[in-house]
Structure formats: C-alpha cells, structure tokens
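Trainee: I would like a close look at one part of this model, the packing of its helices and the core beside them. Please give one connected account.

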Amino acid sequence: MLPYAAYLRVYEPLTAFTPQDRARWARYAGSRDRPRRAGALEVEHGEAVRRLLSVPPLPAPERESPNAYLRRVEETLYVCPWQSRLRSWLAFASFRGSTPVRLASRFVPQAIAEQTADDFDRFKRGEESLRTYIRTSTWHVPTAWFVPFDSAERWLVLGSEQPAESVSQTTAAPPRNMLYVTSMAQARRRVARALVVIRRHVGQVAALTEVEDIGRWLEEFHPHSLVELDYGGLVHLMDDRTLQGDQSVAEVAAALAGLDTGQEELAFAMYQRVIVRWRSIRALESAN
C-alpha cells in the first residue's frame, strides 16, 4: 500500500547537472530497467519498508539511490533525483531531534542510531549543500505548497481514465493521481507576490514563514526547472468526488487576491475552506 504522503518536487533540466551526472542521467533515461512513473512510489515505499523491517532496522540506505523521476517537454529532459539516502538521513536527524532518546531507541537501537548519525556527519563534511529535490508531507498538503501553482495547471486522473490536462513526460501516469506542474519562473513569481501580500496585510504569521521557506528552497535550483506538487498516496484517502472538488490551489490564490483587494471576508472564507478540508483529511491519521 502506498504511504499517505504528498510530494513537492523540482525537476532540473539535464544541462543543469555536471557533465558526469548529465551523462549518467541521459543513460538512465534510455534504460528499460528503471522504475516507471506508474510504480515509482511503490518502489520507493517498498525499499523503505524493507529497511525498517530488517533486523536491525536501517534508518538510511547504505548507498544513494540511482533512480530519478523524469519529465520530457519537447526536446528537454528534466530530472528529479530520488536522493533516498540523503532524504532518509535528514528525516532521521529530525526524528532524533524531536524524540526522547528512550523512546527513539524503541524504534532504532541506539548503536544503529549513532552509526547512522556518524555516517551522515562524514557525508556532510564532504558536501557543500544538503539540497533535496523532493519534499515530503504525510497525511496532508501544507497550505504553503499550493502557492507556487495555478488552478489551470491541475492534472487529475481518476481510476483508469486518461488525464484531460497533462505535461508531456517520459513515463506513464499512475492510474489515480492529482498533480500540479509549473515552470520555476512562474512558481517564484507567485511565491514572491504572495509574500508581498501577506507582509502588507497580515504581517509576521506562521503562514509567512512557511511561504518564505518555500521561496528560499526554490531559489536553490536552476531557473528553467519545473516544479511539481504530487498528492501521492493522499489520493487514496479521497474519493473521486472529493478529488474533483478539491480546488485548494484556486482557493489559496483567491484568499491572497481577497487580501490584496480589501475583501477580507472573501479571503477568510477561501482560506478556511483549505484549512478545514485538510484538517479533516489529516485527522484520519489518528482514526481507528
């Protein structure tokens, strides 16, 4: 079963990579053995489950993943590396930092945890950046993730039907999915505009900090990249009618427009729609 998580991804054009990585990803794109888009999340999830069920559990893979998500628009290949090892290290560091040692040791023996931390420390000493191409959110989509997109960029697939809207890509679409895909230029422009509106009309609130974080992250990538919001496993928590009616991107945009034009009641109503919708979905995490 897919994990109940959503993903925010950046795909850089092949030319943004070093010559060595450029050649590697070009070969990868032509390989028949690489995981296709339809089964990629299952492959990622399966690898993670096998690590955690091993004895002793392994918080991170021994080697970095050779896989990536791919998109092709006309003649340009875009690459989003999985970075399973780096993402696992970062997630485990966050887990250790927020969990009491006695409780954390029930999940991962202390010796394994310390070895994992030492491996990560050695890795960091040789790296200038810990930039990840993929952000993950379990049980909900953070409100700030909707800001870089426009409602017209939605790509919805229900059951085995083919999408009405799509961006040409190198792999087949999964049988059920909700995506938004936009250019990096558009994403940065929308985030910058949102920051101006929030600072001017609301001030220093949690939403501002979250949008600022997204803006800083997007600035780390090539300006001709693509940005993708993937509902991932969350589509399995939502029936067809709920997915079709989910207009979170449009509602966040309407809330920001309402703020900027003095329509406070409209802004509040649109924002509350998003908050209530995702609060109800997130509540399923603790449901029996």
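Mentor: What follows goes from the helix pairs to the nonpolar core, and then to a few single residues.

The model is predicted. Two packed helices are described by the angle between their axes and the distance between the axes. Take helix 6, residues 184-201, and helix 7, residues 206-218: their axes come within 10 Å and cross at roughly 150 degrees. Angles over 145 degrees count as roughly antiparallel, and helix 6 and helix 7 are therefore roughly antiparallel to each other. The crossing of helix 6 past helix 7 is left-handed. On the helix 6 side the contact is made by Met184, Ala187, Arg188, Val191, Ala194, Leu195, Ile198 and Arg199, and these meet Leu208, Val211, Glu212, Ile214, Gly215 and Leu218 of helix 7. By class, the residues of this contact divide into 10 nonpolar, one polar and three charged.

A second pair is formed by helix 3 (residues 84-98) and helix 5 (residues 110-125), whose axes come within 10 Å and cross at roughly 125 degrees. That angle makes helix 3 oblique to helix 5. Helix 3 also passes helix 5 in a left-handed crossing. Helix 3 contributes Leu86, Trp89, Leu90, Phe92, Ala93 and Arg96, while helix 5 contributes Ala113, Glu114, Thr116, Ala117, Asp119, Phe120 and Phe123. The contact of helix 3 with helix 5 has nine nonpolar residues, one polar and three charged.

Now the core. The largest nonpolar core has 62 residues, and those with the most contacts inside it are Val141, Phe146, Leu218, Leu229, Tyr231 and Trp278. Helix 6 gives the most to this core, with seven residues. Leu218 is also one of the helix 7 residues that meet helix 6. Leaving out residues up to four places away in sequence, Phe146 touches Val141, Leu229, Tyr231, Ser248, Val249, Val252, Val274 and Trp278.

Tyr231 turns up again in the contacts of two strand residues. One is Ala6, in strand 1 (residues 5-13), which counts as buried at 0% relative accessibility. With residues up to four places away in sequence not counted, Ala6 touches Arg135, Thr136, Ser137, His140, Val141, Trp145, Asp230, Tyr231 and Leu234. Ala6 and Glu210 are 204 residues apart in sequence, and their C-alpha atoms are 16 Å apart in space. The other is Asn177, which lies in strand 6 (residues 177-183) and counts as buried at 4% relative accessibility. Under that sequence limit, up to four places away not counted, Asn177 touches Arg37, Trp155, Leu156, Val157, Asp230, Tyr231, Gly232 and Val235.

Two loop residues deserve a check of their backbone. Most residues other than glycine have a negative phi. Trp139 has a positive phi, near 70 degrees, and is not a glycine. Its place is the loop between strand 4 (134-138) and strand 5 (154-157), and at 17% relative accessibility Trp139 counts as buried. Glu74, also not a glycine, has a positive phi of about 55 degrees. Glu74 is in the loop between strand 2 (68-73) and strand 3 (76-81), and counts as exposed at 72% relative accessibility.

Conventions:
Residues are numbered from 1 along each chain as its sequence is written. This is a predicted model: local features need pLDDT of at least 70, side-chain atom pairs count only at pLDDT 80 or more; totals for chains, interfaces and linings use all residues. Side-chain values use heavy atoms; hydrogens and water are left out. Axes are lines fitted to C-alpha atoms, for helices over the stretch in contact, and angles run from 0 to 180 degrees between N-to-C directions. Helices (H or I, at least four residues) and strands (E, at least two) are DSSP runs, numbered from the N terminus. Angles under 35 degrees count as roughly parallel, over 145 as roughly antiparallel, 65 to 115 as roughly perpendicular and the rest as oblique. A crossing is left-handed if the near helix is turned anticlockwise from the far one by less than a right angle, and right-handed if clockwise. Contact means heavy atoms within 4.5 Å. Ala, Val, Leu, Ile, Met, Phe, Trp, Tyr, Cys and Pro count as nonpolar, Asp, Glu, Lys and Arg as charged, and the others, Gly among them, as polar. A nonpolar core is a set of buried Ala, Val, Leu, Ile, Met, Phe, Trp, Tyr and Cys residues joined through side-chain atoms within 4.5 Å. Buried means under 20% relative accessible area, exposed over 50%, partly exposed in between (1.4 Å probe, protein chains only).
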